[in-house]
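Student: I have a model open and would like to learn how to read its features one at a time. Where should we begin?

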Amino acid sequence: MGIKHALHRKKLQLAVRSFNTKLSEKSADLDHIWVTRWLDDIGLPQYKDQFNEARVDGRMLQYLTVNDLLFLKVTSQLHHLSIKCAIHVLHVNKFNPNCLRRRPGDENKTSPSEVVQWSNHRVMEWLRSVDLAEYAPNLRGSGVHGGLIILEPRFNSDSLAMLLNIPPQKTLLRRHLTTNFNMLIGSEAQQEKRDFMESSSYTPLTTTAKVRPKKLGFSHFGQLRKKKLDDSTDYICPMDTAPPVTNGAHRSFGGFRGLSPIFDRDVERLEQVGQNS
């Protein structure tokens, strides 16, 4: 057919596979126009043109890989994490197109299971409610949404302060943010983030860390030819959405869990390159 665009070919392959296997997937109901609106919701509108050109739809999101994101010119480690957590939220909600919460509710009655579904705009509304309206616009294009806040164990109040451009010397303001952030995420997420901070391999999130594909040795090239389309180890967000177990008990926010690729099985694909020159 002469299709040269790599993601157009992948989209066709996924559609053909679905047709041949009679596989019914909720993600197939979400077209590429919906995905561009979704990028707005998760705070990454700067990638809309690339995703639109590639015609990335819901099914493509479900089978998106690290290299696909790099092909789409998404190189920021933080933005990879943002997209990963956002796709996980879609998985848990069975690709319900309306699962993200955009409008403010009762700020005094929020729970992690609600916050995890907050859009970027909803997070900005929360900042306004805790008297940080001056800094809220800084979250545009940051990739910050409820899923990233709750699910990414390395995303903490310092990460948020960095993205909000609150100077380190404004200690009272940062303390105010930390207090409200901890109230927002709840005790279980607080403990998970604290545990990661205390681990020997912990490195804080930055806005400059980049992602690059895994370098393959000569012996790996034969494997590429045999690689199947459904090799889940390549996905930016593997489809295992079973509720996590912590100390023998399921976490209270159900299928949601820490998803940092630095600590899970994607470690070989996401490498921190460091500061921009």
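Student: How many helices and strands does the chain have?

Tutor: Helices (H or I, at least four residues) and strands (E, at least two) are DSSP runs, numbered from the N terminus. The chain here has twelve helices and two strands. In order from the N terminus, the elements are α-α-α-α-α-α-α-α-α-α-α-α-β-β. This is a predicted model, where local features need pLDDT of at least 70, side-chain atom pairs count only at pLDDT 80 or more, and totals for chains, interfaces and linings use all residues. Residues are numbered from 1 along each chain as its sequence is written, and side-chain values use heavy atoms, with hydrogens and water left out.

Student: What share of the residues of the chain count as buried?

Tutor: Buried means under 20% relative accessible area, exposed over 50%, and partly exposed in between (1.4 Å probe, protein chains only). By that cut-off, 47% of the 277 residues count as buried. Contacts (heavy atoms within 4.5 Å) give a second overall figure. Among those between residues at least 6 apart in sequence, 72% join residues at least 24 apart.

Student: Take one helix. Which residues of α8 are buried, and what do they pack against?

Tutor: Helix α8 covers residues 120–129, and its buried residues are Asn120, Arg122, Val123, Met124, Trp126 and Leu127. These pack against α2 (32–41), α9 (146–151), α10 (157–163) and α11 (171–197). After α8 comes Asp131, with a positive phi near 65°.

Student: Arg122 is on that list. What lies around Arg122?

Tutor: A charge sits over a ring if NZ of Lys or CZ of Arg is within 6 Å of the ring centre and within 35 degrees of the ring normal. Arg122 lies over the face of Trp118, 4.0 Å from the ring centre. The relative accessible area of Arg122 is 2%, so this arginine is buried. The C-alpha atoms of Arg122 and Gly146 are separated by 8.3 Å, and the two residues are 24 apart along the chain. Elsewhere, the charged end of Arg17 sits over the ring of Tyr63, at 4.8 Å from its centre.

Student: How many aromatic pairs are there in the whole structure?

Tutor: A pair of aromatic rings is described by the distance of the centres and the angle of the planes. Rings of Phe, Tyr and Trp (its six-membered ring) pair if their centres lie within 6.5 Å; planes under 30 degrees apart count as stacked, over 60 as edge-to-face and the rest as tilted. A search of the whole structure gives three pairs. One of them is Trp34 with Trp38, stacked at 6.4 Å centre to centre with 20° between the planes. Trp34 and Trp38 are four residues apart in helix α2, so about one helical turn separates them. Both Trp34 and Trp38 are buried.

Tutor: Phe155 and Phe181 form a tilted pair, 6.4 Å centre to centre and 40° between the planes. Phe155 lies in the loop between α9 and α10 and Phe181 in helix α11, so this pair ties together parts that are 26 residues apart in sequence. Phe155 is buried at a relative accessible area of 0%, and Phe181 is buried at 1%.

Student: Which atoms does the side chain of Glu152 lie 2.9 Å from?

Tutor: A polar contact is a pair of N or O atoms within 3.5 Å; within protein, one must be able to donate a hydrogen and the other to accept it, and residues adjacent in sequence count only if both atoms are side-chain atoms. A polar atom of the Glu152 side chain lies 2.9 Å from the backbone nitrogen of Arg154. Glu152 is in the loop between α9 and α10 and counts as buried at 0% relative accessibility.

Student: Is Arg174 buried or exposed?

Tutor: Arg174, in helix α11, is buried, with a relative accessible area of 19%. Its side chain reaches the backbone oxygen of Ile166 at 2.8 Å. Not counting residues up to four places away in sequence, Arg174 touches Asp158, Ala161, Met162, Ile166, Pro167 and Pro168.

Student: What lines the largest cavity?

Tutor: On a 1 Å grid over the protein atoms alone, a cavity is a set of points where a 1.4 Å probe fits but cannot get out; lining residues have an atom within 4 Å of a point. Grid points are joined across faces, edges and corners, and a volume is the space filled by probe spheres set on the points. The structure holds one cavity of 30 Å³ or more, and the largest cavity has about 30 Å³ of space. Its lining is Trp38, Ile42, Ala86, Val89, Leu100, Val116, His145 and Gly147.

How values were computed. 1 Å grid on protein atoms, 1.4 Å probe; cavity = no way out; pocket = protein on both sides within 12 Å on 5 of 7 lines; lining within 4 Å.
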